[in-house]
Number of protein chains: 2
Amino acid sequence: MKNIRIVLVNTSHPGNIGATARAMKNMGLDQLYLVAPKLFPSDEATSRSSGAVDILEGAIVVNSLEEAISDCQLVIGTSARERHIPWPLVDPKQAAEMAHAEQLATAFVFGREDRGLTNEELQRCHYHVHIPSVESFSSLNLGAAVQVIAYELRMHFLAQKGQTVTKKWDVPVASVEQFEYMLEHLERVLVDTEFLDPNAPRQVMTRFRRLYQRAQLDQQEVGMLRGMFSAVDKLVAGATIESAIQKKDR
Amino acid sequence: MKNIRIVLVNTSHPGNIGATARAMKNMGLDQLYLVAPKLFPSDEATSRSSGAVDILEGAIVVNSLEEAISDCQLVIGTSARERHIPWPLVDPKQAAEMAHAEQLATAFVFGREDRGLTNEELQRCHYHVHIPSVESFSSLNLGAAVQVIAYELRMHFLAQKGQTVTKKWDVPVASVEQFEYMLEHLERVLVDTEFLDPNAPRQVMTRFRRLYQRAQLDQQEVGMLRGMFSAVDKLVAGATIESAIQKKDR
């Protein structure tokens with residue numbers, strides 16, 4: 001992500017600079033350029049950064065967009081959808097792919113809270129990126145827009161490294177053999193407890209199989225189920241002995 | 001998106017409720033549940049909602065998470081990565097797919113600014129969703145987290161409808177024939193202006209072809225180029241006549 005910088009143009013609210021720094025640090029970005037911010041540094045930015053002060057302290061303040069992007073090879077500007085002359089337009093996912101693809105020195109440029117980027121600024125960008133908002137209420141908060149772009153950059157970065165969020169389970173998944181033993185044990189218990197009539201089993205076992213297979217049981221869970229069935233086994237055995245004794249007593 | 005609600009649990013900062021409402025409306029969500037918010041309604045929430053007051057006014061305030069999710073069929077809670085007992089964990093994209101797949105009544109649950117959701121609350125969720133932040137600085141702003149989830153929900157919604165951001169060009173793309181005429185015209189001009197030596201053309205035309213093909217010219221752009229070449233043609237013709245006159249005068 002070292003090849004990527006975030007550029008904020010003429011930001012009015014220092015809180016948005018802080019929110020940007022926080023979103024950047026959350027997502028592993030660290031190069032922030034501020035083009036003529038209204039107020040910087042400021043306590044509000046520091047407070048809203050929620051600890052991402054290193055990003056704020058490292059921010060480079062310049063007077064013009066030109067200075068912020070002159071050494072970049074790929075410039076992507078955020079834009080509301082319709083412009084007079086259409087420009088190559090991508091969604092945040094595509095923009096993230098581009099930024100990572102060739103490791104070009106890349107700037108993501110974000111405009112003013114109220115008016116975005118000017119046409120002249122937008123024309124300095126190779127691509128425009130549009131966060132697909134509802135047309136009748138399309139203007140995102142500046143920090144929220146940075147968050148979405150930074151999130152897509154990180155998703156793509158992790159995907160490239162083969163890392164994904166997804167289950168990291170603490171216990172190995174049960175093997176088919178372990179699963180089948182468990183299911184056989186369940187069936188014996190169901191018959192012994194007279195829940196299941198072996199002469200008219202209907203779809204009961206199929207439904208149990210479907211349920212437990214869907215849950216993709218781990219080995220500990222299989223062990224827990226078998227423990228429970230064994231406890232029932234004991235009850236059944238006790239009841240059988242009891243009933244034998246009662247018969248004998250009669 | 002009518003089947004999806006956003007649930008905020010014990011929110012401390014009214015600004016985050018406003019930011020949530022704005023992000024929701026931007027992305028086409030409209031059902032907000034607030035579980036025992038510290039302060040609501042509030043001027044700060046209204047101000048930060050930036051016009052999404054309808055979302056705030058329609059928000060349903062309840063006392064417990066249970067009330068907010070009891071009529072839901074799928075509950076997805078936001079979570080930092082590591083928990084004592086791992087739970088089925090998905091990324092925001094997968095969570096958005098789930099929420100749309102079967103149109104189940106779905107809740108996305110967001111915890112407190114400082115401590116997230118409790119273990120008990122997390123165990124009420126069918127899935128946990130993790131926004132893949134940097135481990136050493138992993139806590140997103142609440143409004144920013146809602147923005148990311150709402151963005152993915154909208155991306156998936158639009159993809160299902162076959163709608164994508166991407167180029168909507170104002171002029172039809174040029175045909176191969178139009179393009180080839182333009183390129184032939186360019187070559188004549190280059191020869192006439194003596195930029196190109198027809199006896200030693202090297203790779204000049206190949207490079208021009210590659211450049212213009214890469215740009216995927218539209219019909220108006222082809223027309224502009226040909227107009228420019230015609231203007232050069234006239235200069236060349238004038239220069240030829242001039243030179244003929246000069247020869248004659250000698």
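Two residues are taken to be in contact if their C-beta atoms, placed from the backbone, lie within 7 Å. By this criterion, in the predicted model described here, 39 residues of chain A are in contact with 39 residues of chain B. On the side of chain A that touches chain B, the elements giving two or more residues are α1 (14-27), β5 (89-90) and α7 (142-160) of chain A. Of these, α7(A) supplies the largest share, with eight residues. Sorted by class, this side of chain A holds 20 nonpolar, twelve polar and seven charged residues.

How the two copies are arranged comes next. A turn of 180 degrees, with a shift of 0.0 Å along the axis, lays chain A on chain B with an RMSD of 0.1 Å. This is the relation of a two-fold axis. Of the interface residues of chain A, 100% are also interface residues in chain B, so the copies meet through the same surface.

Turning to the interior, the largest nonpolar core contains 100 residues. Those with the most contacts inside this core are V7(A), M24(A) and V109(A), together with V7(B), M24(B) and V109(B). For a closer look at one of them, M24(A) can be followed through its contacts: leaving aside neighbours within four places in sequence, M24(A) is in contact with I6(A), L29(A), D30(A), L32(A), A52(A), I55(A) and A150(A). In soluble globular proteins, nonpolar side chains tend to be buried together.

As for confidence, the pLDDT of chain A averages 90, and 96% of the residues score at least 70. For the model, ipTM is 0.79 and pTM is 0.81.

How values were computed: Residues numbered from 1 in each chain as written. Chains lettered and ligands numbered in written order. Predicted model: local features only at pLDDT ≥ 70, side-chain atom pairs only at ≥ 80, totals over all residues. Helix = DSSP H or I, 4+ residues; strand = E, 2+ residues; numbered from the N terminus. Nonpolar A, V, L, I, M, F, W, Y, C, P; charged D, E, K, R; others polar. Core = buried A, V, L, I, M, F, W, Y, C linked by C-beta atoms within 7 Å. Buried ≥ 20, exposed ≤ 12 C-beta atoms within 10 Å, placed from the backbone. Least-squares fit on C-alpha atoms with pLDDT ≥ 70 in both. pLDDT = per-residue confidence, 0-100.
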